[in-house]
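User: I have just opened this structure and want to know what the labels on it rest on. Please set each value against its definition.

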Amino acid sequence: MTADQGKPQAIWLKSSVQQMLGKHLLTCHPQEACGILLGAAAAGGMLIDHYVPMSNVAPDPLHAFTPEPREWVHALYSQPRLIGLFHSHPHTEPWPSKADLAGLPALGPEFRAYLIGSPAAAGTGGLSLNAFLIESSSEPGNRSTRILTQAPLYVLLK
Ligand SMILES: [Zn+2]
C-alpha cells in the first residue's frame, strides 16, 4: 500500500483549453463534440495544455461520438503528448454513460485522462466539466479492464 492510495491524482487544465472545450461544445451543439487532450504528467497529477478537436462521425451524433477515423489515427501517430479524451453530453449531465464505459477498452494506455463536458447554466462560463482518470483494474483470472475514477479538476489561470 502506498501513501497515494485513496487520494486521486488531480487533473490541471490550462484556461485556454477550458475555453477551447467550451467553444467546441457550443459549435457542435446539439451534436456531441469530441477530441483529444495533449499534456504531460506533472507532480501530483497531470497538466493538460492543448486540445485537438475532431469531427464526430457517429451514425447518431446527437447521442454518441465516434472520432473521424483518419483524424483519430493521425493523432495517435503524430501526437506524442496525447494524454486524454474529451467529449460532450449536450443533453445530459457530464457523467460517463454505459456506452462511454463500454468504449474504454478500445483506448490505448496513452489515454490517462477522460473529460466530459455539458452545457452549463448561463453565467457559469458555459461549460460544466467532469474529469476522470482512466485506470486499469485486473482481477485474477480475468483480462484487465479499464475503469474511470473521478479526479479533482483545477483550471490554471495562467
Ligand atoms: Zn458520453
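**Labels and cut-offs**

Analyst: Ser55 is found in the loop between β3 and α2. Helices (H or I, at least four residues) and strands (E, at least two) are DSSP runs, numbered from the N terminus. The model is predicted, so local features need pLDDT of at least 70 and side-chain atom pairs pLDDT 80 or more, while totals for chains, interfaces and linings use all residues. Residues are numbered from 1 along each chain as its sequence is written, and side-chain values use heavy atoms, leaving out hydrogens and water.

User: Why is Ser55 called partly exposed?

Analyst: Its relative accessibility is 34%. Buried means under 20%, exposed over 50%, and partly exposed in between (1.4 Å probe, protein chains only). The value for Ser55 lies in between, so the residue counts as partly exposed. The C-alpha atoms of Ser55 and Phe65 are 9.0 Å apart, and the two residues are 10 apart in sequence.

User: How many helices and strands are in the chain?

Analyst: The chain has three helices and eight strands. From the N terminus on, their order is β-α-β-β-α-β-α-β-β-β-β. Of the 158 residues in the chain, 39% are buried.

User: What makes Ala113 buried?

Analyst: Ala113 has a relative accessible area of 0%. That is under the 20% limit, so the residue is buried. Ala113 is part of strand β5 (residues 113-119). Its C-alpha lies 9.7 Å from that of Leu38, although 75 residues separate the two in sequence.

User: Why does Leu127 count as buried?

Analyst: Leu127, in strand β6, has 12% relative accessibility, so it also passes the limit for buried. The C-alpha atoms of Leu127 and Gly117 are 6.3 Å apart, with their positions 10 residues apart along the chain.

User: How many salt bridges does a search of the whole structure find?

Analyst: The search finds two. A salt bridge is a side-chain nitrogen of Lys or Arg within 4 Å of a carboxyl oxygen of Asp or Glu. Asp49 and Arg81 form one, with the closest N and O atoms 2.6 Å apart. That distance is within the cut-off, so the pair qualifies. Asp49 lies in strand β3 (residues 45-54) and Arg81 in the loop between α2 and β4 (82-88), so the pair ties together parts that are 32 residues apart in sequence. Asp49 is partly exposed at 23%, and Arg81 is partly exposed at 36%.

User: How do you know that Arg70 and Glu68 meet in a salt bridge?

Analyst: The N to O distance between their side chains is 3.3 Å, so this pair is within the cut-off too. Arg70 is exposed at 67% relative accessibility, whereas Glu68 is buried at 12%.

User: Which residues form the nonpolar patch on the surface?

Analyst: Val73, Leu76 and Tyr77 form it, with about 330 Å² of accessible area together. Areas come from the Shrake-Rupley method with a 1.4 Å probe; for residues, only the protein chains shown count as cover. Patch residues have over 30% relative accessible area and no salt bridge; like charges are joined within 9 Å, nonpolar side chains (Val, Leu, Ile, Met, Phe, Trp, Tyr) within 5 Å. Leu76, in helix α2 (residues 69-78), has 31%, so it is over the patch limit and counts as partly exposed.

User: What makes the arrangement around the zinc ion irregular?

Analyst: The protein donors are His87 (NE2), His89 (NE2), Asp100 (OD) and Asp100 (OD), 2.0 to 2.5 Å from the zinc ion. Donors are N, O and S atoms within 2.8 Å of the metal (3.2 Å for Na, K and Ca); water is not among the atoms, so sites may look incomplete. Four donors count as tetrahedral if all angles lie between 85 and 135 degrees; four count as square planar and six as octahedral if opposite donors are over 155 degrees apart and all others between 65 and 115; anything else is irregular. The angles here are 57 to 155°, which makes the arrangement irregular. Along the chain, the donor spacing is H-x1-H-x10-D. His87 and His89 are both buried.

User: Where is the cis peptide bond?

Analyst: It joins His29 and Pro30, with omega at about 10°. Pro30 is in the loop between α1 (15-28) and β2 (34-42). Most peptide bonds are trans.
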